[in-house]
Amino acid sequence: MKLIKKRIRHAESRIPLKFKIWLYFIIFTVIVFALLWVFQIFFLERFYKGMAYRSAMKSMDTIVESYENDYKNGYKTLFYKTLSSVAGENEQCISILDKFGRPVTQEHILGKCIIHDRNNKNRELIDNIDMDDDGVIKGPMINPYTNKEMLICGCRIGTASNTQGYLLINSTLEPVGATVNIIKRQLMIITGVLVIMAFVISLYLAKRIAMPIDRITKSAERLAKGDFSTKFDGRGYLEAKKLADTLTYAEKELSRVDTMQRDLIANVSHDLRTPLTMLKAYAEMIRDLSGDNPVKRNEHLEIIISETDRLALLVNDMLDLSKLESGKQKLTPSEFGISGKLGEIIERFKGLSEKNGYHIMFTPDEERIVYCDVVKIEQVIYNLINNALNYTGEDKKVFVRQINKEDGVLVEIEDTGDGIEEDKIKLIFDKYYRSENHKREVVGTGLGLSIVKAVLKMHNFDYGVRSTLGKGSTFWFKIRNVKKNSE
Ligand code: ADP
């Protein structure tokens with residue numbers, strides 16, 4: 001069963017939309033016409049008979065009522081008037097019989113009727129009325145003279161124990177065959193015309209509906225081949241426009257990622273080539289020149305070691321980010337004091353930075369115990385301070401602030417550099433993004449902020465950057481209050 005369903009789905013997915021829309025439209029038309037035919041041809045006779053029955057029963061009620069209200073109270077003329085008006089309006093023959101079945105009065109307006117015929121079967125009808133529990137009969141009868149079906153209804157006047165008379169009504173049942181034939185012919189013509197119209201209209205509609213999708217698909221195929229200048233034309237209707245907009249957005253993103261990845265390869269290979277060239281050059285120097293001179297040799301070895309560190313930094317960043325982003329790394333939260341931790345990290349930077357004239361100003365708040373992955377948050381702080389040192393201005397100052405809030409601890413790292421342009425701000429947290437005016441002396445991989453973003457997102461901490469061109473930037477994140485064991 002599942003296999004069949006799968007096959008049907010598979011087959012369905014190969015049917016073009018155009019054909020499907022057309023098919024549904026045609027099916028709809030066929031159903032509408034089938035219903036029309038069934039109701040017109042097959043039910044027409046039933047409807048007609050039902051109506052004739054209902055009309056006869058209504059006449060019977062009116063007459064019995066008038067008998068009770070008028071005739072019995074002496075208003076006989078009124079009763080006879082009702083009788084003749086009912087008979088005239090509904091084209092019915094009416095007979096009132098006494099309790100022995102003898103005619104009392106009658107309205108005979110049809111040419112030939114059964115109840116007023118000489119060989120009438122009124123006695124039989126009265127017997128049937130007497131035998132019926134409710135004292136009412138109705139049904140078709142064949143008129144022996146015309147051989148046509150007629151409708152006979154009858155009821156008792158008075159009650160079963162006190163029968164005062166009987167009422168018989170005879171109405172015609174026009175044969176509907178002829179009418180049906182006319183309708184059939186008419187329907188045939190209408191059906192023919194409308195089916196052709198439906199065919200043409202549905203073909204046109206299907207084409208119109210499918211057109212934007214066909215057009216967008218063609219553009220998407222061009223995009224798949226790597227043409228990022230493809231335009232998506234979503235004219236036609238809302239869904240097509242949405243699809244076109246989405247694809248345009250996807251195209252923009254793909255193009256961005258493509259450029260970024262190309263930049264990355266350029267950056268990484270550049271970053272790799274420089275230390276590798278240095279490594280080779282200094283190794284050769286030690287081999288050929290300074291091998292016997294311990295002072296020179298050590299100097300060269302120092303350079304080799306620092307270049308190796310640089311290489312390791314790059315590789316580590318790449319590994320860290322790929323691990324973070326693959327989702328394989330889990331958080332291992334623990335409790336620690338944030339002021340202490342910030343101080344500790346700044347202390348680590350100091351030796352190196354103060355040698356080069358950099359100053360890190362730390363403004364701690366009251367010590368607060370936070371609960372998060374200490375190693376990863378340390379890396380965030382480290383990357384942000386490192387960037388601030390790299391990009392800060394001539395005064396070589398960097399400010400680190402801890403601001404305790406009710407719902408967490410805000411950490412701000414401010415520099416006095418060039419700042420970041422408004423449109424670049426949302427890009428800098430992207431992988432491999434490095435501004436064009438990237439200073440070569442700044443050691444960076446374009447991954448630092450991506451790592452920051454990945455870690456803070458994993459923790460669900462808010463983060464961001466405020467920047468004024470020419471004045472500097474402030475990167476911030478907020479360690480939310482999370483209770484131990486409540487994660
Ligand atoms: P990088 O290794 O290039 O510093 P990051 O991911 O850390 O990579 O930063 C991405 C880019 O964001 C940088 O190339 C730089 O243009 C910009 N940026 C980061 N921090 C700062 C800052 N404090 N001031 C100005 N620009 C910054």
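The questions and answers below deal with the cores, a helix pair and several single residues of a predicted model. In this predicted model local features need pLDDT of at least 70 and side-chain atom pairs count only at pLDDT 80 or more, whereas totals for chains, interfaces and linings use all residues. Residues are numbered from 1 along each chain as its sequence is written, and side-chain values use heavy atoms, with hydrogens and water left out.

Q: Which element gives the most residues to the largest nonpolar core?
A: A nonpolar core is here a set of buried Ala, Val, Leu, Ile, Met, Phe, Trp, Tyr and Cys residues joined through side-chain atoms within 4.5 Å, where buried means under 20% relative accessible area, exposed over 50% and partly exposed in between (1.4 Å probe, protein chains only). The largest such core has 41 residues, and the elements that give two or more residues to it include helix H7 (294-326), helix H9 (374-391), strand S9 (397-405), helix H11 (448-459) and strand S12 (472-480); helices (H or I, at least four residues) and strands (E, at least two) are DSSP runs numbered from the N terminus. With eight residues, the element that gives the most is H9.

Q: Which residues have the most contacts inside the largest nonpolar core?
A: Contact means heavy atoms within 4.5 Å, and one residue of interest, Phe477, touches Ile377, Val380, Ile381, Leu384, Val409, Leu410, Val411, Leu456, Asp462 and Tyr463, residues up to four places away in sequence not being counted. Apart from this core lies another, of 19 residues, among them Ala52, Phe79, Ile96 and Leu151. In the largest core, the residues with the most contacts are Ile377, Ile385 and Phe477.

Q: How are helix H2 and helix H3 oriented, roughly parallel or roughly antiparallel?
A: Two packed helices are described by the angle between their axes and the distance between the axes. The axes of H2 (residues 17-71) and H3 (residues 76-90) come within 8 Å and cross at roughly 170 degrees, the axes being lines fitted to C-alpha atoms, for helices over the stretch in contact, with angles from 0 to 180 degrees between N-to-C directions. Angles under 35 degrees count as roughly parallel, over 145 as roughly antiparallel, 65 to 115 as roughly perpendicular and the rest as oblique, so H2 and H3 are roughly antiparallel.

Q: By class, how many residues of each kind has the contact of H2 with H3?
A: Among the residues that make the contact are Ser55, Ile63 and Tyr67 of H2 and Leu78, Phe79 and Val86 of H3. Ala, Val, Leu, Ile, Met, Phe, Trp, Tyr, Cys and Pro count as nonpolar, Asp, Glu, Lys and Arg as charged, and the others, Gly among them, as polar. By class, the contact has eight nonpolar, six polar and two charged residues.

Q: With the side chain of which serine does the side chain of His116 make a polar contact?
A: His116 is found in the loop between strand S2 (103-107) and helix H4 (122-131), and, its neighbours within four places in sequence left aside, it is in contact with Cys93, Ile94, Ser95, Gln106, Glu107 and His108. A polar contact is a pair of N or O atoms within 3.5 Å; within protein, one must be able to donate a hydrogen and the other to accept it, and residues adjacent in sequence count only if both atoms are side-chain atoms. The side chain of His116 makes one such contact with the side chain of His108 (2.9 Å), and another, at 2.9 Å, with the side chain of Ser95.

Q: Is Asn460 buried or exposed?
A: Asn460 lies in the loop between H11 and strand S11 (463-468), and its phi is near 65 degrees, a positive value in a residue other than glycine. Its backbone oxygen lies 3.3 Å from a polar atom of the side chain of Arg480, a residue of strand S12. Because its relative accessibility is 54%, Asn460 counts as exposed.

Q: Why does Glu307 count as buried?
A: Glu307 has its place in helix H7, and, leaving aside neighbours within four places in sequence, Glu307 is in contact with Pro275, Met278 and Leu279. The C-alpha atoms of Glu307 and Pro275, 32 residues apart along the chain, are separated by 5.3 Å. Glu307 is buried because its relative accessible area is 7%.
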